Amino acid sequence: MSKDPDRLFAQPLAQVPDFAFNEDVVRVFPDMIKRSVPGYPTIVENLGVLAAQFAQPNSVLYDLGSSLGAVTQALRRHVRTDGCRVIAVDNSAAMVERCREYLNGQDSMFQELLPVEVIEGDILALAFQPASVVALNFTLQFIAPDQRTALLSRIRQSLLPGGALILSEKLRFNDAEEHALLTDLHVAFKRANGYSELEIAQKRSAIENVMKPDSLEEHRERLLAAGFSKVVPWFQCLNFASLIALP
Ligand SMILES: Nc1ncnc2c1ncn2[C@@H]1O[C@H](C[S@+](CC[C@H]([NH3+])C(=O)[O-])CC(=O)[O-])[C@@H](O)[C@H]1O
Ligand SMILES: O=C(O)C(=O)Cc1ccccc1
């Protein structure tokens, strides 16, 4: 994977365009996500461990909004259940191209990885096959809020008994003081990772129209409304969390 450092917002921009998963972002994405999302490496590594507990024989594991395939690769390394395969889906052509290159490279380095198919497409238009694991790792927050329940319902319908949805998201908080504290601490995390005040401010303005986080309570209610029976948070670092939702 590319090791280019993220300097996308380092120079003052006359107007900050809405954030998009284009070629510029793809080039710096591994560095950007690691320096921006507290706990990201821990979440990705453990997604494989979690998935191995829910994987059912002869089923599909979905990585929805797969970006460069970090979650897909964690699933492929950890899951040993017979007949499983991974389907990774992303609607950014630039991401999909680099994701395929990365996964092909992994195939030539390691044996016994699960088979994988990378689809360039909109997860809102996907016809789901019977699935035991569905990962939405920081993807739902980029889906239009009025589409989120319908998507989760379709995921719920595709899930096999014993399977799980793993949902990771940036959170907002209904309590104003809690929200302000965790937002400030996230800014401190970014600063400690080498981002300047200008980079932090311009990135905030780039994502504000395209990324709409919900509160933990909203996630829980929406998942239950979509037909999930149980919602279990398994990880939180500052204002980023990951949940297990059971069918
Ligand atoms: N409707 C959509 N259909 C398909 N893909 C979409 C859609 N909307 C957004 N995406 C894709 O969802 C991904 C979100 S990044 C996920 C990180 C990854 N999971 C990781 O664990 O490394 C999160 C982040 O950058 O904060 C991007 O690649 C988008 O192109
Ligand atoms: O950078 C941020 O502030 C975020 O909330 C996370 C993020 C990470 C990568 C792309 C878009 C948003």
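Start by selecting ligand 1 in this predicted model, and display the 21 residues that surround it, the closest being Phe 21, Gly 65, Asn 91, Ser 92 and Asn 137. The elements that give two or more residues to this shell are helix 3 and strand 2 (85-90), and if you colour the shell around ligand 1 by class you will find 12 nonpolar, 7 polar and 2 charged residues.

Next, select residues 63-163, where UniProt, in an unreviewed entry, places the feature "domain: Methyltransferase". The end C-alpha atoms of residues 63-163 lie 14 Å apart, and the span is 37% helix and 25% strand.

Now move to helix 2, residues 40-54, whose 15 residues reach 21 Å from the first C-alpha to the last, close to the 21 Å expected at 1.5 Å a residue. Pause at Leu 47, where helix 2 bends by about 25 degrees, and then show the side chains of Ile 43, Val 44, Leu 47, Leu 50, Ala 51 and Phe 54, which are buried. An α-helix has 3.6 residues a turn, so residues three or four places apart point the same way. To see what covers the buried residues of helix 2, add strand 1 (60-64), helix 3 (70-78), strand 4 (131-137), strand 5 (159-170), strand 6 (230-237) and strand 7 (240-246), which are included in that cover.

Turn then to ligand 2 and select the residues that surround it, namely Met 32, Ile 33, Ser 36, Val 37, Lys 170, Lys 203, Ile 207 and Met 211. Helix 1 (23-36) and helix 7 (197-207) are the elements that give two or more residues to this shell, with the largest share, 3 residues, coming from helix 1. By class, the shell around ligand 2 divides into 5 nonpolar, 1 polar and 2 charged residues.

From there, select helix 6, residues 176-192, and check its length: at 1.5 Å a residue its 17 residues should span 24 Å, which agrees with the 24 Å between its end C-alpha atoms. Helix 6 is followed by Gly 194, whose phi is positive, near 95 degrees.

Finish at Leu 216, which has its place in helix 8 (residues 216-225). Is Leu 216 buried, exposed or partly exposed? Leu 216 counts as partly exposed because it has 17 C-beta neighbours inside 10 Å, whereas a buried residue needs 20 or more. Leaving aside residues up to four places away in sequence, Leu 216 touches Leu 171, Pro 233 and Ala 241; Ala 241 is 25 residues from Leu 216 along the chain, and their C-alpha atoms are separated by 8.6 Å.

Key
Residues numbered from 1 in each chain as written. Chains lettered and ligands numbered in written order. Predicted model: local features only at pLDDT ≥ 70, side-chain atom pairs only at ≥ 80, totals over all residues. Helix = DSSP H or I, 4+ residues; strand = E, 2+ residues; numbered from the N terminus. Expected span 1.5 Å × (residues − 1). Bend = angle between axes of the 7 residues up to and from the residue. Buried ≥ 20, exposed ≤ 12 C-beta atoms within 10 Å, placed from the backbone. Contact = placed C-beta atoms within 7 Å. UniProt positions renumbered as here; feature names shortened; annotations may be inferred. Near = placed C-beta within 6 Å. Nonpolar A, V, L, I, M, F, W, Y, C, P; charged D, E, K, R; others polar.
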